[in-house]
Amino acid sequence: MRTVLSVVFSILIISLVVCVILTRRSNKDIKKSVAFLIASLAIPVLGNLIIIITTKQLLATIGYYIYFLGMDTAIIALWNFTYKYCEIKRPHVALRVLIYVAFTADVVQYVLNPFFGFTFGTEKTLVEKQIYFRLVPHIGQTYHRIFCYGLFLIALIIFIVKAIKSSKVYAEKYWLIIILLGVTAGIESYYIFSRKPFDMSMIGFGLLGLLVFFFTLHYRPLKLLDRMLAGIASDMPDALFFFDKSGKCIWTNEHGRNLVGISKEDYSNVKDNLRFLFGDIDFSSSGWFKRVTLGTGDDEQYTFLSMRSVVDEKGHVTGNYLSIRDITEDQRELKREMYNSTHDSLTGFYTKEYFFEQIEKRLRSDKETKYMIGYMEIANLKTINDVFGSRFAELTIKRSAEFIQEGVSEKSLYGKLSDDAFGILIEKEDFGNKPVEEKLSNFVVSDNGLDYHVLIHYGVYDISEDDEIDVPLFFNSARLATTMIGDNYQSVIAFYDDKLREEIIHNQLISNQVYGAIKTKQIRPYLQPIVDSRGMLAGAEALVRWIHPDEGFMNPGAFIPVFERNGLIADVDKHMWRCACEILADWKSRNIDSFISINISPKDFYFMDVVSELKGLVEEFDIEPEKLRVEITETVMVTGSIDIFKIVADLREFGFIVEMDDFGSGYSSLNLLKDLNFDVIKIDMQFLKDSERNMKAGMIIKNIINMSEDLGIDTLTEGVETAKQFEKLFEMGCKLYQGYYFSKPIPLEDFEKQWFD
Ligand code: C2E
Ligand code: CA
Ligand code: CA
């Protein structure tokens with residue numbers, strides 16, 4: 001007995017020490033209180049080991065001291081551990097103090113026992129003819145027992161309450177400890193009260209330590225995990241099928257059962273049904289996945305199948321599972337997103353980036369076909385938007401898109417490049433530009449009885465064989481070509497070629513020089529005299545000239561159209577008007593009573609407030625407004641959004657004399673005459689030219705003059721080159737004359753020399 005128990009106790013002590021060491025290495029929060037408990041449990045076992053080994057009373061007594069003090073420590077450790085293990089709050093500080101005071105009192109009475117002997121003593125006893133020393137308890141021992149049992153009971157009650165309150169899967173970890181505590185305590189009590197010298201319950205202590213070690217640090221609630229995983233698998237949106245090692249289906253979740261149409265218990269048809277639905281499925285291997293599309297058209301359903309294996313801790317495959325996911329919504333969403341990011345919402349055309357990509361792909365893959373690049377711009381979209389509203393502007397864009405769609409061949413590609421521009425990749429063979437040009441120049445959008453002539457500009461770039469594929473550059477060239485198209489309805493197509501390129505470069509050059517040229521008066525007015533019917537000077541028209549250091553003498557035709565397109569015209573005109581005012585101010589000081597007519601470009605109205613600009617000038621130079629005559633060309637009236645009626649009225653009210661330039665060159669001259677109040681009309685020189693050969697043209701001039709007279713409007717005829725013309729016009733009753741017959745436009749000094757000296 002002595003040997004057996006010594007060996008068992010020793011093994012227990014060693015095991016507990018090992019557990020303490022292992023526990024300290026753990027990284028769990030609870031490790032401190034676990035280590036403390038296990039270490040404390042080893043002390044009473046050590047005490048008992050000494051008690052049973054020794055035959056000396058002193059040693060046995062020491063063993064008992066170790067045993068009792070160890071019990072105190074163990075019970076405090078159990079108490080601590082209980083709170084940690086059950087995850088509840090520590091008790092109130094008063095209670096804690098009380099417990100530690102009780103604990104200290106117990107320790108103190110053991111310390112005093114050698115002197116007073118009121119706690120316990122030992123006495124010799126014989127068991128199986130062997131000497132042992134058993135316990136003789138005194139009154140103090142009762143206190144020790146009350147302390148130990150009391151705390152033990154509280155811990156036990158906490159465990160029991162916790163076990164009852166927890167859900168089943170968690171309760172097992174409490175119940176195990178409760179049973180162990182109960183059994184150990186029972187055996188311990190038996191030995192204490194039977195006063196046997198060897199305490200079998202120490203085995204229970206040891207086991208309690210080992211179990212605490214296991215449950216707190218290594219136990220995982222497998223049942224709990226199982227249930228959680230099964231719950232997740234059942235609720236998964238995927239259909240799941242589990243197969244054992246032999247390939248037999250052993251379980252599927254509800255989605256799976258619905259998918260293959262089987263009842264809960266019968267898995268025999270699963271594989272056949274899956275093959276029927278998804279075609280060939282490889283049940284024998286895992287790690288694969290594939291997409292399967294079911295149905296067609298709108299009912300199309302996209303699925304994603306993947307087979308994976310289940311592996312145990314050792315890495316052995318225990319089975320496979322197939323998951324089938326319905327990815328129809330994802331796929332549709334993807335397609336929608338793809339479409340939206342690559343297509344314009346209004347027209348359904350490709351967006352610029354995607355369009356460029358497609359062109360690049362095509363040009364790289366199809367080297368046989370010859371292609372051209374088309375850049376089609378709605379030139380007056382802004383005006384349409386301002387005048388008719390955004391709804392009509394959108395309609396215009398849509399109609400333009402339809403126009404492109406209908407007009408191109410299958411092989412063409414088209415896309416939207418910006419708010420008002422489209423791009424087209426055209427097969428060269430298909431591009432006969434005449435019909436396109438005709439159609440484009442008569443492009444009318446109709447809505448609710450409103451017909452509006454949409455001004456289209458179409459730039460074309462012919463891709464040559466030597467060109468490196470650079471789609472943005474191609475379109476830039478095509479777009480540049482459109483910048484050379486004027487704002488008229490006659491021409492709508494421009495081709496980008498070397499000549500055009502040079503022209504563009506030249507235009508850029510002179511545009512960059514314009515401010516310098518104004519400052520240095522390279523740009524300045526020439527004056528052409530205007531005479532009355534007696535041939536006497538009435539005034540002059542200021543016509544712009546650019547005496548260019550490199551290009552030489554430049555007529556307005558060489559730069560005015562360029563500046564009208566890029567807006568620099570406003571600066572040139574302001575400069576010209578200022579020069580005219582300077583001259584008039586000088587003439588005023590010299591008592592010269594002639595007027596100067598200035599030209600206003602239709603584009604000026606878009607870039608400045610012409611009326612207040614002119615008012616400002618005459619006020620600044622202190623000249624009479626009627627000396628500064630204002631020429632507005634007839635075409636300005638038809639270009640749209642500006643309120644020319646108000647402008648003319650304002651100018652006249654201030655005292656300017658307003659002249660309608662190039663009368664008869666446009667479409668609606670007579671209408672304008674009816675609606676607008678001008679002071680003078682300048683008959684377009686083309687009429688005079690035509691009248692040489694054409695009787696009708698002469699008649700028209702005569703009638704214009706007569707009609708104007710009736711309306712109280714003066715007439716001026718331009719382009720008078722011969723005495724005969726002068727005579728004829730005089731007979732017709734024309735008031736003012738201008739033309740080479742009298743003088744060409746000349747520099748100011750020459751003009752003054754010729755007419756004032
Ligand atoms: P416009 O206003 O109709 O000016 C009359 C044009 O006819 C001038 O050409 C003038 O030199 C030319 N001309 C005058 N008499 C005769 C003639 O007997 N026979 C012929 N064949 N031509 C004659 P120019 O100076 O080359 O100006 C051309 C156009 O440029 C002008 O036409 C006007 O629209 C524009 N322009 C000229 N100066 C300015 C300016 O300062 N500002 C603006 N915005 N436009 C200007
Ligand atoms: Ca003019
Ligand atoms: Ca004119």
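**Figure 1. Surroundings of ligand 1 in the predicted model.** Ligand 1 is surrounded by 22 residues, and the closest are Gln528, Arg545, Asp573, Glu721 and Tyr740. Three acidic side chains also make polar contacts with oxygen atoms of ligand 1. For aspartate 661, an N or O atom of the side chain is 3.0 Å from an oxygen atom of the ligand. The corresponding separation is 3.3 Å for the side chain of aspartate 662 and 3.4 Å for that of glutamate 718. These three residues return in the next view, where Asp661, Asp662 and Glu718 appear as donors of the calcium ion (ligand 3).

**Figure 2. Protein donors of the calcium ion (ligand 3).** The donors are Asp661 (OD), Asp662 (OD) and Glu718, the last listed with two OE entries, and they lie 2.2 to 2.5 Å from the ion. Along the chain the donor residues follow the pattern D-D-x55-E. Aspartate 661 also bridges to the calcium ion (ligand 2), 4.2 Å from the calcium ion (ligand 3). Distant parts of the chain are linked here: aspartate 661 belongs to strand E20 (residues 657-663), whereas glutamate 718, 57 residues apart from it, sits in the loop between strand E22 (714-717) and helix H26 (723-732). Aspartate 661 and glutamate 718 are both buried.

**Figure 3. Protein donors of the calcium ion (ligand 2).** Four residues coordinate this ion at 2.1 to 2.3 Å: Glu541 (OE), Asn599 (OD1), Glu631 (OE) and Asp661 (OD). Their spacing in sequence is E-x57-N-x31-E-x29-D. Aspartate 661 coordinates both this ion and the calcium ion (ligand 3), and the two ions are 4.2 Å apart. Glutamate 541 is in strand E16 (residues 537-548) and aspartate 661 is in strand E20, so the pair ties together parts that are 120 residues apart in sequence. Glutamate 541 and aspartate 661 are both buried.

**Figure 4. The largest nonpolar core and leucine 614.** This core has 74 residues, and Phe563 and Leu614 have the most contacts inside it. Helix H19 (residues 569-589) gives the most to the core, contributing 10 residues. Leaving aside residues up to four places away in sequence, leucine 614 touches Trp577, Ile598, Ile600, Leu628, Val630, Leu651 and Phe656. A second core, separate from this one, has 63 residues, among them Tyr67, Met71, Ile76 and Leu217.

**Figure 5. Strand E3 and its pairing partners E7 and E4.** Strand E3 (residues 239-244) is antiparallel to strand E7 (residues 317-326), and six bridges join the two. E3 also pairs with strand E4 (residues 249-252), again in the antiparallel sense, over three bridges. Phenylalanine 241 can be followed in both pairings. In E7 the residue opposite phenylalanine 241 is leucine 322; in E4, threonine 252 stands opposite phenylalanine 241. E3 and E4 make up a hairpin with four residues between the strands, and glycine 247 in the turn has a positive phi of about 95°.

**Figure 6. Glutamate 87, a residue other than glycine with positive phi.** The phi angle of glutamate 87 is near 55°. Glutamate 87 is placed in the loop between helix H3 (57-85) and helix H4 (93-116). Because its relative accessibility is 62%, glutamate 87 counts as exposed, the cut-off for this being over 50%.

**Figure 7. Lysine 129 in the loop between strands E1 and E2.** Lysine 129 is not a glycine, yet its phi is positive at about 65°. The loop that holds lysine 129 runs between strand E1 (120-127) and strand E2 (130-137). Lysine 129 has a relative accessibility of 82% and therefore counts as exposed.

**Figure 8. Valine 136 and its contacts.** Valine 136 is part of strand E2. Not counting residues up to four places away in sequence, valine 136 touches Thr119, Phe120, Gly121, Thr122, Glu123 and Arg195. Valine 136 and glutamate 87 are 49 residues apart along the chain, and 40 Å separates their C-alpha atoms.

Conventions. Residues numbered from 1 in each chain as written. Chains lettered and ligands numbered in written order. Predicted model: local features only at pLDDT ≥ 70, side-chain atom pairs only at ≥ 80, totals over all residues. Heavy atoms only, no water. Core = buried A, V, L, I, M, F, W, Y, C linked by side-chain atoms within 4.5 Å. Buried < 20%, exposed > 50% of the residue type's maximum accessible area, 1.4 Å probe, protein only. Contact = heavy atoms within 4.5 Å. Donors = N, O, S within 2.8 Å, 3.2 Å for Na, K, Ca; no water. Pairing = 2+ DSSP bridges. Near = heavy atom within 4 Å. Polar contact = N/O pair within 3.5 Å; in protein donor to acceptor, adjacent residues only side chain to side chain.
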